[in-house]
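Trainee: Could you take me through one part of this model up close? I'd like to start with a single strand and see what sits around it.

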Amino acid sequence: MNGCIIGIDCATDPKRVGLARGWATANGPVVDRLGKVAKGESVADRVIDWMADAPRVLLAMDAPLGWPAALGDALAVHRAGGFLPVVPNRLFRRDTDRFTHRQLGKLPLDVGADRIARTAHAALSLLHEIGERQPCAVPLAWSPGFSEPAAAIEVYPAAVLKTSGMRFQGYKGAANAAQRTGMVSWLQEQLVFEVDTAILQEDDDVLDAAICVLAGYHFLQGLCMPPTDADLARREGWIWFRGG
């Protein structure tokens, strides 16, 4: 499947949101934009600008896009001081988190119990703002052949690296820039870059956004594993990553 892919490494602070734009072409994935928002510019401004010349767009977002169903059900009837009759791993983790752990041995942060919930809220707010400013809303995509002009999926850079056999421990932050050298070289073998890649070495947020583009490309090519329970996934969200 062809189309534009915008990778978004989500964060609560707009200055820490990494962005990358790529294209799924007949010859593979091509990246032509990398960066972060400028002063006075919102993340939605930049994403909408990048969407303008694309007839079909997939937003590949590194953030949970839903909460555990069990948590919602329990809190709907809970009162302070009352017992919660659900084990923590079902209360705070989604089906997709458990699936990712089983497949990769890598456990995503618990959106129901961790600060990642704020990032999830920011990501959903971004999706809402983009949809409000476009002719159509931006729903979640559940297959590569989605019919909407724009759709979004949840991705997980650590899963992309894990399924590719890449070492990815300790590459975050300015102090670990040297640790990103191998990752950047590997990514340059996966994606064709039509833009200077120096920022990938300098900024791990933008590096993660470029990895999100690769995850989105895998999705459009039909390489990702589908939900084990489609109805539950539509309520909680699903992390899309390539099968082994």
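Mentor: Cysteine 4 stands opposite tryptophan 23 in E2, so to speak a handy place to step in, and keep in mind that the model is a predicted one. Cysteine 4 belongs to strand E1, residues 3-9, and E1 pairs with E2 in the antiparallel sense, over 7 bridges. On its other side E1 has E4 for a partner, this time in the parallel sense and over 6 bridges. There, aspartate 9 stands opposite aspartate 62 of E4.

How well covered is E1? All 7 of its 7 residues are buried, so the strand is largely enclosed by the rest of the structure. Here's a bit of background: in a regular strand, side chains alternate between the two faces of the sheet. In E1, both faces are covered. Gly3, Ile5, Gly7 and Asp9 are buried on one side, and Cys4, Ile6 and Ile8 are buried on the other.

Now go back to tryptophan 23 and look across to E3, where its bridge partner is valine 30. E2 covers residues 18-25 and E3 covers residues 28-35; the two run antiparallel and are joined by 7 bridges.

Put those strands into the whole sheet and you get an open one of 6 strands, in the order E5-E4-E1-E2-E3-E6, with mixed pairing. The edges are E5 (150-154) and E6 (192-193), each of which pairs on one side only. Helix H1, residues 43-51, packs on this sheet and touches E1, E2, E3, E4 and E5. The direction of H1 makes about 15 degrees with that of E2.

Next, try a helix: H9, residues 204-220. At 1.5 Å a residue, its 17 residues should span 24 Å, and its end C-alpha atoms are indeed 24 Å apart, which agrees. H9 is mostly covered, with 17 of its 17 residues buried. At the N-terminal end, aspartate 203 acts as a cap: one of its side-chain oxygens lies 2.9 Å from the backbone nitrogen of aspartate 205. Just after H9 comes glycine 222, with a positive phi of about 75 degrees.

Aromatic rings are worth a look too. A pair of them is described by the distance of the centres and the angle of the planes. A search of the whole structure finds 4 aromatic pairs. In one of them, phenylalanine 99 and tryptophan 238 have ring centres 5.0 Å apart and planes at 40 degrees, so the pair is tilted. This pair links distant parts of the chain, 139 residues apart: phenylalanine 99 is in helix H4 (residues 95-104), and tryptophan 238 is in the segment after helix H10 (230-236). Both phenylalanine 99 and tryptophan 238 are buried.

Another pair brings us back to H9: phenylalanine 219 and tryptophan 240 are edge-to-face, at 4.9 Å centre to centre and 70 degrees between the planes. Phenylalanine 219 is in helix H9 and tryptophan 240 in the segment after H10, 21 residues apart. Phenylalanine 219 has a relative accessible area of 2%, so it is buried. Tryptophan 240 counts as buried as well, at 5% relative accessibility. To finish, find Phe99, Trp238 and Phe241 on your screen: they form one aromatic cluster.

How values were computed
Residues are numbered from 1 along each chain as its sequence is written. This is a predicted model: local features need pLDDT of at least 70, side-chain atom pairs count only at pLDDT 80 or more; totals for chains, interfaces and linings use all residues. Side-chain values use heavy atoms; hydrogens and water are left out. Two strands pair if DSSP finds at least two bridges between them. Helices (H or I, at least four residues) and strands (E, at least two) are DSSP runs, numbered from the N terminus. Contact means heavy atoms within 4.5 Å. Axes are lines fitted to C-alpha atoms, for helices over the stretch in contact, and angles run from 0 to 180 degrees between N-to-C directions. The expected span of a helix is 1.5 Å times one less than its number of residues. Buried means under 20% relative accessible area, exposed over 50%, partly exposed in between (1.4 Å probe, protein chains only). A polar contact is a pair of N or O atoms within 3.5 Å; within protein, one must be able to donate a hydrogen and the other to accept it, and residues adjacent in sequence count only if both atoms are side-chain atoms. Rings of Phe, Tyr and Trp (its six-membered ring) pair if their centres lie within 6.5 Å; planes under 30 degrees apart count as stacked, over 60 as edge-to-face and the rest as tilted.
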